[in-house]
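Colleague: Could you take one part of this model and walk me through it closely? I would like the turns, the strand partners and the setting, in that order.

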Amino acid sequence: MIAILLAGCGRLGFDATGDEVADDQPDDMADDLPGDDGPGDDGGPMFDAAIGCGSGHDEDGDEFADDCDRCPHVSTLLNADRDNDGVGDDCDPQPDVAAQSIARFDAFASLPADWAQSGTVVKLDDAIRLSGGASSISRPWANGTSLFMIGFTVSAIASDEALLALIVGEGGTPRIYYCELYDDATSMLLQLTYTLNGADYIHPGLQSTAERLSDLSGTLAMSTDTSKSCRAVLPSGAVGAEGTVGGITPDFFTLYAQNAMATIDWMIEIRTDP
Ligand SMILES: [Ca+2]
Ligand SMILES: [Ca+2]
Ligand SMILES: [Ca+2]
């Protein structure tokens, strides 16, 4: 009864986990559960105020603001991070190795100025839309090990070959590689693709998918580790393709849609330190 009364009075100093750190203190992640501080005043905002997070935007709706959220694209109750590297367990490619950082998260509540646009790029409410024959946004990216991931919806495709791709490459050269969902108008593949000359396209990794690209929502992720990988999580489940890509030292990253109307809800880059 005492605890209930305290909860009803704003929970000042209340300690649900009994660890002698009040819920509203910034070091008390364990009991910063959404809802534990009362309606409208629960774990995320309380925590945010405590450590000064101020993005005011919560892409995944878990009440941790994007800039305080250790997986800003994955709704989680605890925001737990057991290796304490700043990337939450639910999105850390090595959750027990403290080597990752969130290098970039774009919720596309706005389109940051460092994205260069090409083709038809439309800013929506909390998303961007790439449409037409060939549209993209690009920004500089130094070669290294990163995991790029997007949340997307493709609402329509042209009857021609359509694709949605994450691309890295060397500016001013044809040397690029893709992680792409490629619909050839009869079926769809998840492909790791590269070209060194802009004419020959090689697929070191390739998997068929149950879905077609049109009317499809999911996530698409590319890892730029030594062995490159491309992975999609689709309504039918996860599909992956990986292989070796040599001879490319990327200096840009691109989100690209061809013959497709693709809405990109968010993009995250999780960097792994050497
Ligand atoms: Ca959040
Ligand atoms: Ca989250
Ligand atoms: Ca971590």
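**A strand and its surroundings**

Modeller: Start at a turn. Strands β6 and β7 form a hairpin with 4 residues between them, and Ala-185 there takes a positive phi near 85°. Keep in mind that this is a predicted model.

Now follow the two strands away from that turn. β6 covers residues 176–183 and runs antiparallel to β7, with 8 bridges joining them. One cross-strand pair to find on screen is Cys-179, which stands opposite Leu-192 in β7.

β7 has a second partner. Strand β8, residues 202–208, is also antiparallel to β7, and 5 bridges join these two. Here Leu-190 is the residue to pick, as its bridge partner in β8 is Gln-207. β7 and β8 make a hairpin too, this one with 6 residues between the strands. In that turn Gly-198 has a positive phi of about 80°.

So why call β7 enclosed? The strand spans residues 188–195, and 6 of those 8 residues are buried, so β7 is largely enclosed by the rest of the structure. For that count, buried means 20 or more other C-beta atoms within 10 Å of the residue's own. As a reading aid, side chains in a regular strand alternate between the two faces of the sheet.

Next, the wider setting. The largest nonpolar core has 57 residues. Leu-164, Leu-166 and Ala-260 touch the most other members. Strand β13, residues 260–272, gives the most to this core, with 8 residues. Domain 1 (1–95) and domain 2 (116–272) both contribute residues, so the core lies between them.

Click on Leu-164. Setting aside neighbours within four places in sequence, its contacts include Glu-180 and Leu-181. Both of those positions fall within β6, the strand that pairs with β7. Leu-164 also contacts Phe-152, Val-154, Leu-213, Leu-220, Ala-257, Ala-260 and Ala-262.

For comparison, look at another hairpin. Strands β10 (residues 227–234) and β11 (residues 237–244) pair in the antiparallel sense over 8 bridges. Their hairpin has 2 residues between the strands. Cys-230 stands opposite Ala-241 in β11.

Finally, a loop residue. Leu-78 sits in the loop between α2 (43–51) and β1 (100–106). Leu-78 is partly exposed, with 18 other C-beta atoms within 10 Å. Its C-alpha atom is separated by 9.9 Å from that of Asp-90, 12 residues apart along the chain.

Conventions: Residues numbered from 1 in each chain as written. Chains lettered and ligands numbered in written order. Predicted model: local features only at pLDDT ≥ 70, side-chain atom pairs only at ≥ 80, totals over all residues. Buried ≥ 20, exposed ≤ 12 C-beta atoms within 10 Å, placed from the backbone. Pairing = 2+ DSSP bridges. Core = buried A, V, L, I, M, F, W, Y, C linked by C-beta atoms within 7 Å. Domains from an automatic or database assignment. Contact = placed C-beta atoms within 7 Å.
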